[in-house]
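Colleague: Could we go through this model together, beginning at its surface and then moving inward?

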Amino acid sequence: ADRVGQRPVVLAQSLTAGVALAALVAAVHAGADTPVLVGAAAVAGFTMPQVGPLARVRWRPITHRTGSAQPRLVDAAFSYEGAADEASFVLGPALVGLGAVALSPSGALLAAAALLVVFGSWFALHSTAQLTHALRASAAAHGESFVTVAFLTLCLAQLLIGVIFGATQTGTTALATAAGTPGLAGLVHSLLGVGSVLAGLATAALPARFGYDRRILVFAIGLVVLSSPLLLAGSLTALVPVVLVLGLAVAPYMISVFAAAERQVPVTRVGAAMTLLAGATGIGYAVGSGIAGRLADLGGHRPAFAVTVTAAALAVVLAVVRLRTQRPAAPVTTPGELAAASQG
(Lines give C-alpha, C1' and ligand atoms only; values in the text may rest on other atoms or scores of the structure.)
Protein backbone atom coordinates (compact mmCIF):
# COMPACT_ATOMS: atom_id res chain seq x y z
CA ALA A 1 0.00 0.00 0.00
CA ASP A 2 2.90 2.37 0.71
CA ARG A 3 4.37 1.65 -2.73
CA VAL A 4 1.36 1.44 -5.04
CA GLY A 5 -1.35 3.13 -2.98
CA GLN A 6 -4.05 1.86 -0.66
CA ARG A 7 -6.86 1.74 -3.21
CA PRO A 8 -5.78 -1.24 -5.36
CA VAL A 9 -4.42 -3.20 -2.39
CA VAL A 10 -7.44 -2.84 -0.11
CA LEU A 11 -9.94 -3.32 -2.94
CA ALA A 12 -8.29 -6.55 -4.10
CA GLN A 13 -8.01 -7.84 -0.52
CA SER A 14 -11.63 -6.99 0.39
CA LEU A 15 -13.07 -8.75 -2.64
CA THR A 16 -10.77 -11.77 -2.36
CA ALA A 17 -11.29 -12.24 1.37
CA GLY A 18 -15.07 -11.93 1.03
CA VAL A 19 -15.16 -14.53 -1.74
CA ALA A 20 -12.86 -16.82 0.27
CA LEU A 21 -15.17 -16.68 3.30
CA ALA A 22 -18.14 -17.51 1.10
CA ALA A 23 -16.14 -20.36 -0.46
CA LEU A 24 -15.35 -21.68 3.01
CA VAL A 25 -19.06 -21.84 3.85
CA ALA A 26 -19.82 -23.53 0.53
CA ALA A 27 -17.03 -26.05 1.07
CA VAL A 28 -18.36 -26.93 4.53
CA HIS A 29 -21.87 -27.52 3.22
CA ALA A 30 -20.47 -29.59 0.35
CA GLY A 31 -18.64 -31.83 2.81
CA ALA A 32 -15.22 -30.96 1.40
CA ASP A 33 -12.09 -32.53 2.81
CA THR A 34 -10.14 -30.80 5.56
CA PRO A 35 -7.31 -29.55 3.28
CA VAL A 36 -9.89 -27.70 1.16
CA LEU A 37 -11.39 -26.07 4.26
CA VAL A 38 -7.98 -25.11 5.58
CA GLY A 39 -7.02 -23.67 2.20
CA ALA A 40 -10.14 -21.51 1.97
CA ALA A 41 -9.66 -20.27 5.54
CA ALA A 42 -5.98 -19.54 4.86
CA VAL A 43 -6.80 -17.48 1.77
CA ALA A 44 -9.42 -15.52 3.71
CA GLY A 45 -6.96 -14.78 6.49
CA PHE A 46 -4.06 -13.96 4.20
CA THR A 47 -6.10 -11.46 2.17
CA MET A 48 -7.97 -9.82 5.06
CA PRO A 49 -7.52 -6.06 4.52
CA GLN A 50 -5.68 -4.15 7.24
CA VAL A 51 -8.31 -1.45 7.49
CA GLY A 52 -7.41 -0.33 11.02
CA PRO A 53 -3.70 0.32 10.44
CA LEU A 54 -4.28 1.84 7.00
CA ALA A 55 -6.99 4.15 8.33
CA ARG A 56 -4.45 5.56 10.79
CA VAL A 57 -2.17 6.38 7.86
CA ARG A 58 -4.78 8.70 6.35
CA TRP A 59 -5.23 11.12 9.22
CA ARG A 60 -2.05 13.16 8.76
CA PRO A 61 -2.63 13.79 5.02
CA ILE A 62 -6.27 14.63 5.76
CA THR A 63 -5.27 17.27 8.32
CA HIS A 64 -2.10 18.63 6.70
CA ARG A 65 -3.72 21.99 5.88
CA THR A 66 -4.76 22.68 9.49
CA GLY A 67 -1.45 24.20 10.54
CA SER A 68 -0.69 24.30 14.25
CA ALA A 69 -3.92 22.46 15.03
CA GLN A 70 -2.76 19.32 13.21
CA PRO A 71 -1.05 17.54 16.15
CA ARG A 72 -4.17 17.83 18.30
CA LEU A 73 -6.42 16.73 15.45
CA VAL A 74 -4.26 13.69 14.73
CA ASP A 75 -4.19 12.81 18.43
CA ALA A 76 -8.00 13.03 18.55
CA ALA A 77 -8.26 10.86 15.44
CA PHE A 78 -5.94 8.24 16.91
CA SER A 79 -8.00 8.25 20.10
CA TYR A 80 -11.11 7.54 18.07
CA GLU A 81 -9.28 4.82 16.11
CA GLY A 82 -8.19 3.11 19.34
CA ALA A 83 -11.69 3.26 20.76
CA ALA A 84 -13.18 1.97 17.50
CA ASP A 85 -10.73 -0.95 17.49
CA GLU A 86 -11.72 -1.91 21.00
CA ALA A 87 -15.43 -1.57 20.19
CA SER A 88 -15.00 -3.87 17.21
CA PHE A 89 -13.41 -6.53 19.43
CA VAL A 90 -16.50 -6.37 21.65
CA LEU A 91 -19.24 -5.94 19.05
CA GLY A 92 -17.83 -8.22 16.35
CA PRO A 93 -18.05 -11.55 18.20
CA ALA A 94 -21.36 -10.50 19.77
CA LEU A 95 -22.91 -9.72 16.38
CA VAL A 96 -21.60 -12.96 14.91
CA GLY A 97 -23.07 -14.85 17.87
CA LEU A 98 -26.45 -13.17 17.41
CA GLY A 99 -26.32 -13.92 13.70
CA ALA A 100 -25.56 -17.56 14.38
CA VAL A 101 -28.58 -17.76 16.68
CA ALA A 102 -30.95 -15.78 14.47
CA LEU A 103 -29.81 -17.30 11.17
CA SER A 104 -27.18 -20.01 11.38
CA PRO A 105 -23.42 -20.19 11.80
CA SER A 106 -23.11 -20.18 8.02
CA GLY A 107 -25.47 -17.22 7.72
CA ALA A 108 -23.45 -15.25 10.24
CA LEU A 109 -20.21 -15.89 8.35
CA LEU A 110 -21.81 -14.98 5.03
CA ALA A 111 -23.10 -11.75 6.58
CA ALA A 112 -19.56 -10.98 7.74
CA ALA A 113 -18.29 -11.67 4.22
CA ALA A 114 -20.87 -9.28 2.77
CA LEU A 115 -19.91 -6.56 5.25
CA LEU A 116 -16.28 -7.05 4.34
CA VAL A 117 -16.91 -6.74 0.60
CA VAL A 118 -19.17 -3.69 0.91
CA PHE A 119 -17.34 -1.65 3.53
CA GLY A 120 -13.84 -2.82 2.63
CA SER A 121 -14.45 -1.73 -0.95
CA TRP A 122 -15.97 1.53 0.25
CA PHE A 123 -12.87 2.19 2.35
CA ALA A 124 -10.65 1.40 -0.63
CA LEU A 125 -12.56 3.66 -3.02
CA HIS A 126 -12.97 6.57 -0.61
CA SER A 127 -11.28 9.75 -1.80
CA THR A 128 -8.94 9.82 1.21
CA ALA A 129 -7.21 6.67 -0.09
CA GLN A 130 -5.54 8.81 -2.76
CA LEU A 131 -4.14 11.29 -0.24
CA THR A 132 -1.74 8.78 1.24
CA HIS A 133 -0.09 8.18 -2.13
CA ALA A 134 -0.49 11.54 -3.85
CA LEU A 135 3.04 12.67 -2.98
CA ARG A 136 4.86 9.51 -3.99
CA ALA A 137 7.21 11.34 -6.37
CA SER A 138 7.88 14.14 -3.89
CA ALA A 139 8.68 11.70 -1.11
CA ALA A 140 10.72 9.31 -3.21
CA ALA A 141 13.94 10.52 -1.64
CA HIS A 142 12.66 9.64 1.82
CA GLY A 143 12.71 5.86 1.38
CA GLU A 144 15.07 5.13 4.25
CA SER A 145 14.45 2.04 6.35
CA PHE A 146 12.03 2.46 9.20
CA VAL A 147 12.96 -0.80 10.98
CA THR A 148 15.14 0.66 13.73
CA VAL A 149 15.78 -0.41 17.31
CA ALA A 150 13.39 2.30 18.47
CA PHE A 151 10.64 1.03 16.17
CA LEU A 152 11.24 -2.57 17.21
CA THR A 153 10.66 -1.57 20.84
CA LEU A 154 7.21 -0.34 19.79
CA CYS A 155 6.55 -3.66 18.03
CA LEU A 156 7.54 -5.46 21.22
CA ALA A 157 5.25 -3.16 23.20
CA GLN A 158 2.33 -4.17 20.98
CA LEU A 159 3.29 -7.82 21.24
CA LEU A 160 3.07 -7.52 25.03
CA ILE A 161 -0.38 -5.94 24.87
CA GLY A 162 -1.40 -8.87 22.67
CA VAL A 163 -0.09 -11.27 25.33
CA ILE A 164 -2.24 -9.42 27.86
CA PHE A 165 -5.30 -9.86 25.65
CA GLY A 166 -4.69 -13.57 25.07
CA ALA A 167 -3.77 -14.45 28.65
CA THR A 168 -6.69 -12.52 30.12
CA GLN A 169 -9.17 -14.24 27.83
CA THR A 170 -7.67 -17.64 28.62
CA GLY A 171 -7.75 -17.02 32.36
CA THR A 172 -11.34 -15.82 32.14
CA THR A 173 -12.31 -18.93 30.19
CA ALA A 174 -10.60 -21.18 32.74
CA LEU A 175 -12.40 -19.50 35.63
CA ALA A 176 -15.77 -19.59 33.89
CA THR A 177 -15.30 -23.25 32.96
CA ALA A 178 -14.38 -24.17 36.53
CA ALA A 179 -17.51 -22.36 37.71
CA GLY A 180 -19.65 -24.42 35.33
CA THR A 181 -20.60 -21.42 33.16
CA PRO A 182 -18.18 -21.46 30.21
CA GLY A 183 -20.66 -19.56 28.07
CA LEU A 184 -20.15 -16.43 30.19
CA ALA A 185 -16.42 -16.20 29.47
CA GLY A 186 -16.83 -14.18 26.28
CA LEU A 187 -19.26 -11.77 27.92
CA VAL A 188 -16.94 -11.12 30.87
CA HIS A 189 -13.89 -10.71 28.63
CA SER A 190 -15.77 -8.23 26.44
CA LEU A 191 -15.92 -5.88 29.43
CA LEU A 192 -12.21 -5.25 28.81
CA GLY A 193 -13.25 -3.41 25.68
CA VAL A 194 -15.87 -1.29 27.44
CA GLY A 195 -13.43 0.40 29.77
CA SER A 196 -10.88 0.62 26.98
CA VAL A 197 -13.27 2.43 24.64
CA LEU A 198 -14.08 5.04 27.27
CA ALA A 199 -10.44 5.63 28.14
CA GLY A 200 -9.45 5.69 24.48
CA LEU A 201 -11.87 8.50 23.70
CA ALA A 202 -10.60 10.44 26.72
CA THR A 203 -6.99 10.19 25.51
CA ALA A 204 -7.62 13.03 23.07
CA ALA A 205 -7.83 15.42 26.04
CA LEU A 206 -4.26 14.71 27.20
CA PRO A 207 -1.97 17.76 26.91
CA ALA A 208 0.61 17.83 24.13
CA ARG A 209 3.45 18.28 26.63
CA PHE A 210 2.64 14.80 27.95
CA GLY A 211 4.80 13.07 25.31
CA TYR A 212 4.10 9.68 23.81
CA ASP A 213 7.05 7.90 25.43
CA ARG A 214 6.02 9.17 28.85
CA ARG A 215 2.44 8.12 28.15
CA ILE A 216 3.61 4.62 27.25
CA LEU A 217 5.42 4.35 30.58
CA VAL A 218 2.54 5.74 32.65
CA PHE A 219 -0.07 3.52 31.02
CA ALA A 220 2.23 0.48 31.26
CA ILE A 221 2.41 1.09 35.01
CA GLY A 222 -1.38 1.36 34.93
CA LEU A 223 -1.53 -2.06 33.27
CA VAL A 224 0.50 -3.58 36.12
CA VAL A 225 -1.55 -1.93 38.85
CA LEU A 226 -4.92 -2.72 37.28
CA SER A 227 -4.06 -6.29 36.25
CA SER A 228 -2.67 -7.41 39.62
CA PRO A 229 -6.16 -7.89 41.16
CA LEU A 230 -6.75 -10.62 38.57
CA LEU A 231 -4.64 -12.87 40.78
CA LEU A 232 -7.10 -12.38 43.65
CA ALA A 233 -10.33 -13.00 41.71
CA GLY A 234 -11.88 -16.31 42.69
CA SER A 235 -15.24 -16.01 40.94
CA LEU A 236 -16.75 -14.44 37.86
CA THR A 237 -18.56 -11.94 40.04
CA ALA A 238 -15.25 -10.74 41.47
CA LEU A 239 -13.64 -10.80 38.04
CA VAL A 240 -16.14 -8.49 36.34
CA PRO A 241 -15.05 -5.18 37.94
CA VAL A 242 -11.37 -6.11 37.60
CA VAL A 243 -11.62 -6.74 33.85
CA LEU A 244 -13.75 -3.63 33.39
CA VAL A 245 -11.21 -1.38 35.14
CA LEU A 246 -8.21 -3.03 33.46
CA GLY A 247 -9.53 -1.81 30.13
CA LEU A 248 -8.96 1.79 31.24
CA ALA A 249 -5.21 1.39 30.64
CA VAL A 250 -5.36 -0.73 27.48
CA ALA A 251 -6.52 1.69 24.78
CA PRO A 252 -4.42 4.67 26.01
CA TYR A 253 -1.34 2.42 25.95
CA MET A 254 -2.06 1.19 22.41
CA ILE A 255 -2.94 4.66 21.13
CA SER A 256 0.34 6.04 22.51
CA VAL A 257 2.36 3.26 20.85
CA PHE A 258 0.71 3.76 17.45
CA ALA A 259 1.02 7.54 17.69
CA ALA A 260 4.70 7.31 18.63
CA ALA A 261 5.34 5.06 15.64
CA GLU A 262 3.43 7.35 13.28
CA ARG A 263 5.62 10.26 14.33
CA GLN A 264 8.83 8.26 14.26
CA VAL A 265 8.87 6.54 10.86
CA PRO A 266 9.27 8.24 7.46
CA VAL A 267 5.98 9.41 5.98
CA THR A 268 6.42 7.06 3.03
CA ARG A 269 6.51 3.99 5.31
CA VAL A 270 3.72 4.68 7.79
CA GLY A 271 1.43 2.06 6.25
CA ALA A 272 3.98 -0.71 6.68
CA ALA A 273 4.77 0.45 10.22
CA MET A 274 1.13 0.53 11.33
CA THR A 275 0.50 -2.91 9.85
CA LEU A 276 3.54 -4.42 11.56
CA LEU A 277 2.33 -3.07 14.89
CA ALA A 278 -1.09 -4.62 14.32
CA GLY A 279 0.57 -7.90 13.33
CA ALA A 280 2.69 -7.87 16.48
CA THR A 281 -0.50 -7.55 18.52
CA GLY A 282 -1.95 -10.65 16.86
CA ILE A 283 1.23 -12.64 17.41
CA GLY A 284 1.23 -11.60 21.06
CA TYR A 285 -2.37 -12.73 21.38
CA ALA A 286 -1.41 -16.18 20.13
CA VAL A 287 1.63 -16.36 22.41
CA GLY A 288 -0.33 -15.21 25.46
CA SER A 289 -3.16 -17.62 24.79
CA GLY A 290 -0.78 -20.54 24.28
CA ILE A 291 1.32 -19.97 27.40
CA ALA A 292 -1.64 -19.11 29.59
CA GLY A 293 -3.59 -22.10 28.27
CA ARG A 294 -0.83 -24.50 29.17
CA LEU A 295 -0.51 -22.99 32.66
CA ALA A 296 -4.28 -23.07 33.12
CA ASP A 297 -4.23 -26.80 32.35
CA LEU A 298 -1.69 -27.25 35.13
CA GLY A 299 -3.00 -24.87 37.78
CA GLY A 300 -6.24 -23.16 36.82
CA HIS A 301 -7.02 -19.51 36.20
CA ARG A 302 -4.48 -17.85 38.50
CA PRO A 303 -1.36 -19.03 36.64
CA ALA A 304 -3.03 -17.87 33.42
CA PHE A 305 -3.66 -14.43 34.89
CA ALA A 306 -0.07 -14.39 36.10
CA VAL A 307 0.93 -14.27 32.42
CA THR A 308 -1.14 -11.08 32.10
CA VAL A 309 0.59 -9.44 35.04
CA THR A 310 4.03 -10.57 33.87
CA ALA A 311 3.44 -9.12 30.40
CA ALA A 312 2.34 -5.83 31.96
CA ALA A 313 5.49 -5.75 34.11
CA LEU A 314 7.66 -6.39 31.04
CA ALA A 315 5.85 -3.51 29.31
CA VAL A 316 6.97 -1.21 32.14
CA VAL A 317 10.59 -2.37 31.81
CA LEU A 318 10.46 -1.86 28.06
CA ALA A 319 8.97 1.62 28.46
CA VAL A 320 11.71 2.63 30.91
CA VAL A 321 14.43 1.38 28.56
CA ARG A 322 12.85 3.20 25.62
CA LEU A 323 12.46 6.43 27.59
CA ARG A 324 16.12 6.38 28.64
CA THR A 325 17.54 5.49 25.24
CA GLN A 326 15.21 7.27 22.85
CA ARG A 327 16.58 10.40 21.25
CA PRO A 328 14.29 13.41 20.91
CA ALA A 329 12.01 12.85 17.96
CA ALA A 330 12.93 14.69 14.79
CA PRO A 331 10.38 17.17 13.46
CA VAL A 332 7.70 15.36 11.50
CA THR A 333 7.65 16.16 7.79
CA THR A 334 4.05 16.39 6.75
CA PRO A 335 2.70 15.68 3.25
CA GLY A 336 2.06 19.41 2.87
CA GLU A 337 5.70 20.20 3.59
CA LEU A 338 6.82 17.53 1.12
CA ALA A 339 4.65 19.07 -1.56
CA ALA A 340 6.02 22.55 -0.83
CA ALA A 341 9.57 21.24 -0.98
CA SER A 342 8.97 19.54 -4.32
CA GLN A 343 7.42 22.72 -5.78
CA GLY A 344 10.36 24.77 -4.50
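**Surface and core**

Modeller: Val194, Leu198, Leu244, Val245 and Leu248 make a nonpolar surface patch of about 380 Å². Patch residues have over 30% relative accessible area and no salt bridge, nonpolar side chains being joined within 5 Å; a salt bridge is a Lys or Arg side-chain nitrogen within 4 Å of an Asp or Glu carboxyl oxygen. Areas are Shrake-Rupley values with a 1.4 Å probe. This is a predicted model, in which local features need pLDDT of at least 70, side-chain atom pairs count only at pLDDT 80 or more, and totals for chains, interfaces and linings use all residues. Residues are numbered from 1 along each chain, and side-chain values use heavy atoms, without hydrogens and water.

Colleague: Which element gives the largest share of the nonpolar patch?

Modeller: H10 does, with three residues. Helices are DSSP runs of H or I, at least four residues, numbered from the N terminus.

Colleague: Is valine 194 partly exposed or buried?

Modeller: Valine 194, in helix H8, is partly exposed at 37% relative accessibility, since buried means under 20% and exposed over 50%.

Colleague: Turning inward, how many residues has the largest nonpolar core?

Modeller: The largest nonpolar core has 62 residues, namely buried nonpolar residues joined through side-chain atoms within 4.5 Å. H10 supplies the largest share of this core, 16 residues.

Colleague: And where is threonine 308?

Modeller: Threonine 308 is in helix H12 (residues 301-325) and is buried, at 0% relative accessible area. Beyond neighbours within four places in sequence, threonine 308 is in contact with Ile164, Ala167, Thr168, Ser227 and Leu230, contact meaning heavy atoms within 4.5 Å.

Terms used: Helices (H or I, at least four residues) and strands (E, at least two) are DSSP runs, numbered from the N terminus. Buried means under 20% relative accessible area, exposed over 50%, partly exposed in between (1.4 Å probe, protein chains only). Patches are made of residues with over 30% relative accessible area and no salt bridge: like charges are joined within 9 Å, nonpolar side chains (Val, Leu, Ile, Met, Phe, Trp, Tyr) within 5 Å.
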